[in-house]
Amino acid sequence: MTATRGEQQELVRQWRDILALHARTQCELDRALTHHGLCASDFEVLDVLAEGTGSTGYRVQEIAERVHLSQSALSRLVARLEKDGLVERGLCSEDRRGVRVVLTAKGRALHGRVLPVQRAVLGRMLAG
């Protein structure tokens with residue numbers, strides 16, 4: 001069953017509304033997080049790592065799937081976070097070619113301080 005022209009236009013309008021909301025939210029997150037030396041993508045990686053259980057962290061590929069960044073963009077971001085002392089990288093014990101990323105104590109502390117800021121922006125931008 002094909003959508004009518006009116007239904008197609010409505011789908012396009014809804015899609016563009018989603019994109020606009022995402023762009024506005026991303027800008028607000030970047031604005032709020034910059035005071036803490038982070039951008040929205042930095043925080044997303046810290047947040048994924050903070051949600052992880054134990055001290056084994058995640059493989060880079062697992063993080064990429066959750067934060068929707070390309071492998072190369074994520075590798076650059078992780079290198080920057082590592083340089084800032086927020087994460088550490090190490091070889092996977094089960095696959096010596098893989099790389100695991102874990103939060104450092106400094107990264108966990110920063111995440112804890114910034115989490116309420118990020119959640120407040122999400123609450124404000126995504127309410128109603």
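The following paragraphs lead from the overall form of the chain to one of its helices and then to two buried residues.

The structure is a predicted model. Its chain contains five helices and three strands, and read from the N terminus these elements follow the order α-α-β-α-α-β-β-α. The radius of gyration is 18 Å, well over the 14 Å that the globule rule gives for 128 residues, so the chain is more spread out than a compact globule. The C-alpha trace spans about 55 × 35 × 25 Å along its principal axes.

Several totals complete this general view. Of the 128 residues, 30% count as buried. The accessible surface of the chain amounts to about 8300 Å², and carbon and sulfur atoms account for 55% of that surface. When contacts between residues at least 6 apart in sequence are considered, 53% of them join residues at least 24 apart. As for charge, the chain carries 19 positive and 16 negative charges, whose mean positions lie 3 Å apart.

Helix α2 covers residues 40–51. Its twelve residues, at 1.5 Å a residue, should span 16 Å, and because the end C-alpha atoms are 16 Å apart, the model agrees with that expectation. The buried residues of α2 are Ala 40, Asp 42, Phe 43, Val 45, Leu 46, Asp 47, Val 48 and Leu 49. One of these, Leu 46, reappears among the contacts of Leu 110.

Leu 110 belongs to helix α5, which comprises residues 105–126. With a relative accessible area of 8%, Leu 110 falls under the 20% cut-off and is therefore buried. Once neighbours within four places in sequence are set aside, the contacts of Leu 110 are His 36, Leu 38, Leu 46 and Leu 86. The pairing with His 36 links distant parts of the sequence: 74 residues separate Leu 110 from His 36, yet their C-alpha atoms are 8.2 Å apart in space.

Thr 25 offers a second view of helix α5, this time from helix α1. Thr 25 lies in α1, which runs over residues 5–33. Its relative accessible area is 7%, which is under 20%, so Thr 25 also counts as buried. Apart from neighbours within four places in sequence, Thr 25 is in contact with Leu 122, Met 125 and Leu 126. These three partners fall within the residue range of helix α5, and Thr 25 thus connects α1 with α5 through contacts, as the cut-off of heavy atoms within 4.5 Å defines them.

Definitions and conventions: Residues numbered from 1 in each chain as written. Predicted model: local features only at pLDDT ≥ 70, side-chain atom pairs only at ≥ 80, totals over all residues. Heavy atoms only, no water. Helix = DSSP H or I, 4+ residues; strand = E, 2+ residues; numbered from the N terminus. Buried < 20%, exposed > 50% of the residue type's maximum accessible area, 1.4 Å probe, protein only. Rg over C-alpha atoms; globule rule 2.2 N^0.38 Å. Areas by Shrake-Rupley, 256 points an atom, 1.4 Å probe, with all protein chains shown as cover. Lys, Arg positive; Asp, Glu negative; His and termini not counted. Charge placed at Lys NZ, Arg CZ, Asp CG, Glu CD. Expected span 1.5 Å × (residues − 1).
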